[in-house]
Amino acid sequence: MGLFKKNPFGHNLFLKKWLIRILAVITHKRYRGFNTIEIEGSDIIRKLPPENVLFVSNHQTYFADVVAMFHVFNASLSGREDSIKNLGYIWQPKLNMYYVAAAETMKKSLLTKVLAYAGSISVERTWRSEGKDVKRQVKMSDISNIGTALKDGWVITFPQGTTTPWKPLRKGTSHIIKKYKPVVVPVVIDGFRRSFDKKGLRIKKKGILQSMVIKEPLDIDYENESFDSIIEKLEYAIEQHPSFLKVIPKSELMAYEEENKKRKFRV
């Protein structure tokens with residue numbers, strides 16, 4: 001790889017590689033040290049094509065979730081079996097891996113700008129801006145950028161657009177799936193909400209068992225399936241469908257809400 005080679009977004013790949021390496025070294029103990037991550041499905045990662053793969057996941061923190069996925073996916077590609085043991089896997093990271101993030105979040109500080117360079121596709125949220133509810137049209141350039149990233153490699157997205165559990169999925173994800181026809185891989189995570197603050201930058205509690213389950217790609221009829229049908233399929237796959245609320249005790253739901261209130265004041 002040449003020193004000046006760039007990806008489709010104009011990011012220097014040599015610089016991006018070193019940013020990913022450094023961030024991986026800094027964050028590794030967050031998932032294998034201070035806390036422990038239990039992984040399931042790493043063999044699925046190794047079976048995927050090198051591009052046009054869309055990972056859809058529930059969301060618990062701004063950054064800790066996606067950083068964990070960078071660790072797990074790279075470790076899996078290097079032959080680790082459901083493990084991120086031995087950080088050597090990050091020496092040759094997958095550079096065409098991206099994640100969808102809110103543009104306003106990625107512009108807030110030097111750290112978020114570094115994280116953005118490491119792989120974010122920044123999009124403008126259509127329903128929320130600077131802590132207020134808004135209604136605005138989807139920017140076609142945002143959709144196009146996600147398509148560009150899919151053509152180049154893998155994209156991670158959190159279709160709920162919020163770290164609050166069991167919220168409805170945004171229909172934009174189904175439009176992207178219908179338009180670009182990617183391999184859609186569900187990922188279910190847990191434990192990050194208890195481990196980190198809302199931003200996913202500060203360790204809130206140690207000794208937490210985190211988990212990440214990578215599921216088989218979804219069977220989607222890109223031509224004939226409706227947008228609503230795809231959304232429902234995603235909700236079940238990432239275990240965020242409203243029906244899951246029927247089997248969750250009310251006390252647990254209340255505990256989630258109390259935890260969310262506390263986390264709001266820590267941001």
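Biologist: Where is Pro93 found in this predicted model?
Modeller: The model is predicted, so local features need pLDDT of at least 70 and side-chain atom pairs pLDDT 80 or more, while totals for chains, interfaces and linings use all residues. Residues are numbered from 1 along each chain as its sequence is written, and side-chain values use heavy atoms, without hydrogens and water. Taking helices (DSSP H or I runs of at least four residues) and strands (E runs of at least two), numbered from the N terminus, Pro93 is found in the loop between helix 3 and strand 3.

Biologist: Is Pro93 buried or exposed?
Modeller: With a 1.4 Å probe and protein chains only, buried means under 20% relative accessible area, exposed means over 50%, and partly exposed lies in between. Because Pro93 has a relative accessible area of 7%, Pro93 counts as buried.

Biologist: Which residues is Pro93 in contact with, leaving aside its neighbours within four places in sequence?
Modeller: Phe70 is 23 residues away from Pro93 in sequence, and their C-alpha atoms lie 8.6 Å apart in space. Contact, however, is judged by heavy atoms within 4.5 Å, and by that rule the partners of Pro93 are Lys17, Ile20 and Asn74.

Biologist: How many residues apart are Arg46 and Glu81, which form a salt bridge?
Modeller: In this salt bridge (a side-chain nitrogen of Lys or Arg within 4 Å of a carboxyl oxygen of Asp or Glu), the closest N and O atoms of Arg46 and Glu81 are 2.7 Å apart. Arg46 sits in helix 2, residues 42-47, whereas Glu81 lies in the loop between helix 3 and strand 3, so that the pair links distant parts of the chain, separated by 35 residues.

Biologist: What is the relative accessibility of Glu81?
Modeller: Its partner Arg46 is partly exposed, because the relative accessible area of Arg46 is 33%. Glu81 also counts as partly exposed, and the value for Glu81 is 49%.

Biologist: Which residue forms a salt bridge with Lys181?
Modeller: Lys181 lies in the loop between helix 7 (172-180) and strand 8 (183-190), and its partner is in the loop between strand 9 (209-214) and helix 9 (227-237), 42 residues apart. Lys181 is partly exposed at 35% relative accessibility, and the partner is exposed at 57%. Their side chains meet at 3.5 Å, N to O, and the partner is Glu223.

Biologist: Is Glu225, which meets Lys233 in a salt bridge, buried or exposed?
Modeller: The side chains of Glu225 and Lys233 meet at 3.0 Å, N to O. Lys233 is partly exposed, with a relative accessible area of 28%, whereas Glu225, because its relative accessibility is 12%, counts as buried.
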